[in-house]
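Biologist: I would like to go through this model with you. Could you begin with a term that I shall need?

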Amino acid sequence: MRWALVKVSLAVTAMVVVAFAVPLGLVIREMARDRAFSNAEREAAAVAPALSITTDREQLERVVASAGSDAGMAVHIPAPGDRSGGATDIGRQRATDEDIAAVRRMGRASTTEVGGGSTLLQPVALSSGEIAVVEVYVPESEVTNGVGTAWAVLAAVGAALIVGSVAVADRLGVRMVQPARRLVEGAHELGEGRLGARVPVEGPDELRRAAVAFNSMADQVVQLLANERELAADLSHRLRTPLTVLRLNAASLGDGPAAEQTRAAVEQLEREVDTIIRTARDAKPQTAVAGPGAGCDAAEVVRERMGFWSALAEDEGRKWRVAGADRPVRIPVARTDLAASLDALLGNVFRHTAEGTAFAVDLHNGEDAVIVLVSDAGTGIADPEAAMARGRGSGADGSTGLGLDIVRRMAESTGGDVRIGASVLGGTEVRIWIQLDGRTAPARRGHRGAVRRRRQSRAPAPAPAAPAGRDH
């Protein structure tokens, strides 16, 4: 493209220069010729008054000497009564007798070519009625005086115009080609898997729009890949719930080859799941906000998941309690997302606390938010902030750090958040703030709300037989 623009500019500029310079050069040559013959006419006109008065040779020689050079001017005075020709009385004759006689007959000036230049033949009427002819020699050097210089200037100007147009076209070509080249390089880099490839937005408007579209496409590709990794990590993490059940059941099989084989298979399956999760652990979270009308009954999901985990709790001798799930509580969260979040938190309780440790799930329904509290009577979390960091985990075997991240993204999709603190049972309390109107909850208000609701949760818990929950 760059060389094409240069060639087009070179051709167009050369045509324009030729179209203007050639006629202008011819005009300059004609102007130089006209100037030379105009000077010759003035010299001839200077002699004409003297010829009309006298034909004396000495007087005419003085007039010729004052008007011009003897070598460049001649005066032809015919003999009285003779019109067939004329003698050269003064100066050097260059024109032929035929040309001089023709001028006498026609009675008007004429030019004729002679060796080394041209002559101007100017007829002048004498007092006797005869026609004298003044011959003025115009050398070729005078006719072309200044023409060569003018043509050289025109050629230099034309060359400068061509060089300048080529330079401008080259710069414009570079301005167009470089963004296009960067766009091609960015496409190659993106195709080779370098997802950080971006194109600077520069150049003509069309290429700028192309660069913006390319960068937007690259961002979409990165986002889609991140979402795929996120989904792979989340789906793999959800497999940990049935894996926990299999591990606990395998532990109760006792001794024997079949039991050992089952436990080894479960451990291998857990390692494979952990590998999948850790492979996708660096993906950035991306959670879509639930649209209008979407959501689920949080109380129903809590009762269902607690019914699932209660069997394991009874096997391990854990006391558990559910509060606030006796009436419908609508939230703008998909049922599967809430269930996955509860499974992640309850799975952490079973995984990171000793057997026999009690736990509870409390559901609080407010005007603008729903709060889900999952608490246990374990040893607590030493660094809650680090635990919330995606992919960090606790460092223990089987911990990938994605469980709390699943919960956090579910809450943030509604404008809420997740906090970790100390529970009234003496261990860890995870508070999930689910915003009902889709607005982001202010940090200070959320903190005060958490404190207020935490204080309410510290009130005497409902009795085991109370309708608000169950205690085991």
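Modeller: A residue is called buried when its relative accessible area is under 20%. Please keep in mind that this is a predicted model.

Biologist: With that term in hand, what share of the residues in the chain is buried?

Modeller: Buried residues account for 40% of the chain, which has 472 residues.

Biologist: And how many helices and strands are there?

Modeller: The chain has 13 helices and 12 strands.

Biologist: What percentage of the contacts with a separation of 6 or more comes from residues 24 or more positions apart?

Modeller: Such residues make up 64% of those contacts.

Biologist: Let us turn to the nonpolar core. Which residues of the largest one touch the most other members?

Modeller: They are Met 306, Ile 331, Leu 338, Phe 359, Val 372 and Ile 432, in a core of 42 residues. There is also a second, separate core of 21 residues, with Ala 36, Met 73, Val 124 and Ala 132 among them.

Biologist: Where do nonpolar side chains tend to be in soluble globular proteins?

Modeller: As a general tendency in soluble globular proteins, they are buried together.

Biologist: Now the helices. How does one describe two packed helices?

Modeller: One gives the angle between their axes and the distance between the axes.

Biologist: At what angle do helix 9 and helix 10 cross, then?

Modeller: Helix 9 covers residues 298-316 and helix 10 covers residues 335-352; their axes cross at roughly 25° and come within 10 Å. Angles under 35 degrees count as roughly parallel, so helix 9 is roughly parallel to helix 10. The crossing of these two helices is right-handed.

Biologist: Which residues meet there?

Modeller: On the helix 9 side they include Val 302, Met 306, Trp 309 and Leu 312, and on the helix 10 side they include Leu 338, Leu 342, Leu 346 and Phe 350. By class, the residues of this contact are 12 nonpolar, one polar and six charged.

Biologist: Could we look at Val 302 in more detail? Is Val 302 buried or exposed?

Modeller: Val 302, which lies in helix 9, has a relative accessible area of 2%, so it is buried. Apart from its neighbours within four places in sequence, Val 302 contacts Val 322, Ala 325, Leu 342 and Val 361. In addition, the C-alpha atoms of Val 302 and Leu 363 are 8.4 Å apart, although 61 residues separate the two along the chain.

Biologist: How does helix 7 lie against helix 9?

Modeller: The axis of helix 7 (residues 240-251) comes within 11 Å of that of helix 9, and the two cross at roughly 25°. Helix 7 and helix 9 are therefore roughly parallel to each other. Their crossing is left-handed.

Biologist: What does helix 7 bring to that contact?

Modeller: Thr 241, Val 245 and Leu 248 of helix 7 meet Arg 305, Phe 308, Trp 309, Leu 312 and Glu 316 of helix 9. Five of the residues in this contact are nonpolar, one is polar and two are charged.

Biologist: Let us move on to helix 12. How does helix 12 cross helix 10?

Modeller: Helix 12 spans residues 403-412, and its axis comes within 9 Å of the helix 10 axis at a crossing angle of roughly 145°. This crossing is left-handed. Asp 337, Leu 338, Ser 341, Ala 344 and Leu 345 of helix 10 form the contact with Gly 403, Leu 404, Ile 406, Val 407 and Met 410 of helix 12. Seven of these residues are nonpolar, two are polar and one is charged.

Biologist: Why is helix 12 described as largely enclosed by the rest of the structure?

Modeller: Because nine of its 10 residues are buried. Charged residues are among the buried ones, including Asp 405, Arg 408 and Arg 409.

Biologist: Which residues does Ala 387 contact beyond its sequence neighbours?

Modeller: Leaving out neighbours within four places, Ala 387 touches Ile 381, Leu 404 and Ile 420. Ala 387 belongs to helix 11 (residues 384-388) and is buried, with a relative accessible area of 17%. From C-alpha to C-alpha, Ala 387 and Leu 404 are 7.6 Å apart, with their positions 17 residues apart in sequence.

Biologist: Finally, is Lys 7 buried or exposed?

Modeller: Lys 7, in helix 1 (residues 2-53), is exposed, with a relative accessible area of 60%. Its C-alpha atom lies 8.8 Å from that of Ala 169, and the two residues are 162 residues apart along the chain.

Terms used. Residues numbered from 1 in each chain as written. Predicted model: local features only at pLDDT ≥ 70, side-chain atom pairs only at ≥ 80, totals over all residues. Heavy atoms only, no water. Axes fitted to C-alpha atoms, helices over the stretch in contact; angles between N-to-C directions. Helix = DSSP H or I, 4+ residues; strand = E, 2+ residues; numbered from the N terminus. Parallel < 35°, antiparallel > 145°, perpendicular 65-115°, else oblique. Left-handed = near helix turned anticlockwise from the far one by under 90°. Contact = heavy atoms within 4.5 Å. Buried < 20%, exposed > 50% of the residue type's maximum accessible area, 1.4 Å probe, protein only. Core = buried A, V, L, I, M, F, W, Y, C linked by side-chain atoms within 4.5 Å.
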